[in-house]
Amino acid sequence: MPTRPDWLTLGWNHVWLPYAQMQTAPLPAAAVRTEGSKIHLAGGKILIDGVASWWTACHGYNHPHIREAVAQQLERMPHVMFGGLAHEPAYRLAIRLAALMPPGLERVFFTDSGSVAVEVAIKIAVQSRLNRGERGRTKILAFTGGYHGDTLGTMAICDPEEGMHSLFTGLLPEHPVIPLPRDKASIAVFDEFLAANAHSLAAIIVEPLVQGAGGMILHGAEVLRHLRKAATEYGLTLIFDEIFTGFGRTGSMFAFQQADVAPDIITLSKALTGGTLPLAATIASAELFSAFLSDNPDHALMHGPTFMANALGCAAANASLDLFESEPRLAQAARIEAQLAAELEICRDLPNVADVRVKGAIGVVELDSLPNPAELRTRLIEHGVWVRPFGKIVYLTPALTISQEELTQLSGAIVKVLE
Ligand SMILES: *Cc1c(COP(=O)(O)O)cnc(C)c1O
């Protein structure tokens with residue numbers, strides 16, 4: 001097969017790529033097959049995947065157990081509507097997810113993407129108050145560096161630059177975005193902000209331990225404990241967006257476990273189906289759920305995506321959870337952490353490198369500047385790796401199953417192109 005199949009050349013005039021300036025975007029590499037941590041390109045080149053397809057493919061690609069579960073489900077019933085009909089994959093998945101959550105987080109609402117899971121979390125936080133007769137608390141407190149999705153509602157709680165708040169003034173709802181309370185000065189700002197504004201807030205939302213799409217920025221468990229304390233003090237719903245951090249990425253199954261802090265809502269997606277199908281979940285506390293129980297039909301949660309709780313997606317997610325039970329994913333994350341720390345360390349001495357940081361199966365090299373990420377991506381492909389630098393960072397979030405040799409190839413390629 002040629003490197004540039006005809007569907008690529010012809011389709012190029014009709015597709016619109018994500019986050020891309022289409023005038024200058026290079027033609028993407030054509031992927032034709034995946035396997036473990038490898039992406040096979042048209043023309044025969046094979047890339048080691050350092051991104052696990054936007055952090056989804058935690059077990060590597062084409063894991064036989066997930067493939068088999070999806071194939072069996074496909075035979076029986078790929079999808080039925082969730083309004084009025086029940087199916088085993090979704091109900092079993094809800095039971096299993098609830099069992100993994102902190103006590104009290106037990107009510108699972110399924111959607112089809114992370115952004116929508118966050119939208120639902122916002123709706124739950126706000127409507128639970130309205131249902132209880134509490135008006136005027138419709139704002140969500142979010143943090144600089146944060147990312148919660150691309151839909152209009154979630155853009156409004158992203159970092160103002162990431163969410164393009166100034167460009168879309170008038171379209172986006174306005175929510176306060178302030179620095180995370182991580183040191184003396186920012187804690188003071190945060191505490192003062194709440195003292196003055198908590199009466200207008202419904203919730204606080206944060207990506208626990210790692211702000212992913214905002215630049216893989218780390219913070220400590222004490223930040224989350226401070227948020228929990230403040231949320232409880234002011235009666236706010238605390239939302240942990242674990243769409244990136246969930247399923248072993250930070251070294252524990254979920255980030256909240258490292259902080260020993262229980263939020264009121266958790267959102268999950270990305271690795272939920274092991275990278276095979278789009279699925280997301282918003283998991284709310286029994287206490288929030290109870291605010292929707294009423295004789296008044298208007299008190300119901302008015303949300304229901306067409307493909308809600310898609311049976312194929314739920315079958316994949318159940319199979320993915322099986323793998324977390326039967327295979328040593330957290331030990332693998334720990335091994336990746338140690339290897340990344342050792343192998344990326346020498347980047348610290350390179351010119352233009354501002355920081356090197358590792359957390360679980362996340363390795364980050366932050367540069368002083370990265371004017372042309374697309375060019376760097378192309379050079380990384382030449383080195384046989386699929387890595388997608390953005391902002392000022394070059395980072396690795398490989399499959400947890402990646403081999404030691406493959407990981408060495410990834411970090412080696414980064415060191416080479418940065419040199
Ligand atoms: C990716 C991501 C989202 C959005 O998920 P989509 O499936 O892309 O809509 C939300 N929050 C976090 C933390 C994410 O990493």
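**Exercises on helix packing and a ligand site**

Helices H12 and H14 are roughly parallel to each other in this predicted model, and the exercises below start from that pair.

**Exercise 1.** Find out why H12 and H14 are described as roughly parallel to each other.

*Solution.* Start with the two helices: H12 covers residues 329-344, and it packs against H14 at an angle of about 30 degrees. Next, recall the cut-off: angles under 35 degrees count as roughly parallel. The pair is therefore roughly parallel. Their axes are 10 Å apart, and H12 passes H14 in a right-handed crossing.

Now look at who touches whom. From H12 come Arg335, Ile336, Gln339, Leu340, Glu343 and Leu344, which meet Gln404, Leu407, Thr408, Ser411 and Val415 of H14. Sorted by class, this contact holds five nonpolar, four polar and two charged residues.

**Exercise 2.** Work out how H13 and H14 are oriented to each other.

*Solution.* First, the angle: H13 (residues 373-382) and H14 (residues 404-418) pack at about 125 degrees. The helices are therefore oblique to each other. Then, the residues: Leu376, Arg379 and Leu380 of H13 meet Ala413, Ile414, Val417 and Leu418 of H14. Here the classes are six nonpolar, no polar and one charged.

**Exercise 3.** Locate the residues around the ligand, then pick out polar partners.

*Solution.* Begin with the surroundings, which include Trp55, Tyr147, His148, Phe244 and Lys270. Then check distances. A backbone N or O atom of Gly114 sits 2.8 Å from a ligand oxygen atom. Ser115 places a polar side-chain atom 2.6 Å from an oxygen atom of the ligand. Finally, a polar side-chain atom of Asp241 lies 2.7 Å from a ligand nitrogen atom.

Note on methods. Residues are numbered from 1 along each chain as its sequence is written. This is a predicted model: local features need pLDDT of at least 70, side-chain atom pairs count only at pLDDT 80 or more; totals for chains, interfaces and linings use all residues. Side-chain values use heavy atoms; hydrogens and water are left out. Axes are lines fitted to C-alpha atoms, for helices over the stretch in contact, and angles run from 0 to 180 degrees between N-to-C directions. Helices (H or I, at least four residues) and strands (E, at least two) are DSSP runs, numbered from the N terminus. Angles under 35 degrees count as roughly parallel, over 145 as roughly antiparallel, 65 to 115 as roughly perpendicular and the rest as oblique. Contact means heavy atoms within 4.5 Å. Ala, Val, Leu, Ile, Met, Phe, Trp, Tyr, Cys and Pro count as nonpolar, Asp, Glu, Lys and Arg as charged, and the others, Gly among them, as polar. A residue is near a molecule or strand if one of its heavy atoms lies within 4 Å of it. A polar contact is a pair of N or O atoms within 3.5 Å; within protein, one must be able to donate a hydrogen and the other to accept it, and residues adjacent in sequence count only if both atoms are side-chain atoms. A crossing is left-handed if the near helix is turned anticlockwise from the far one by less than a right angle, and right-handed if clockwise.
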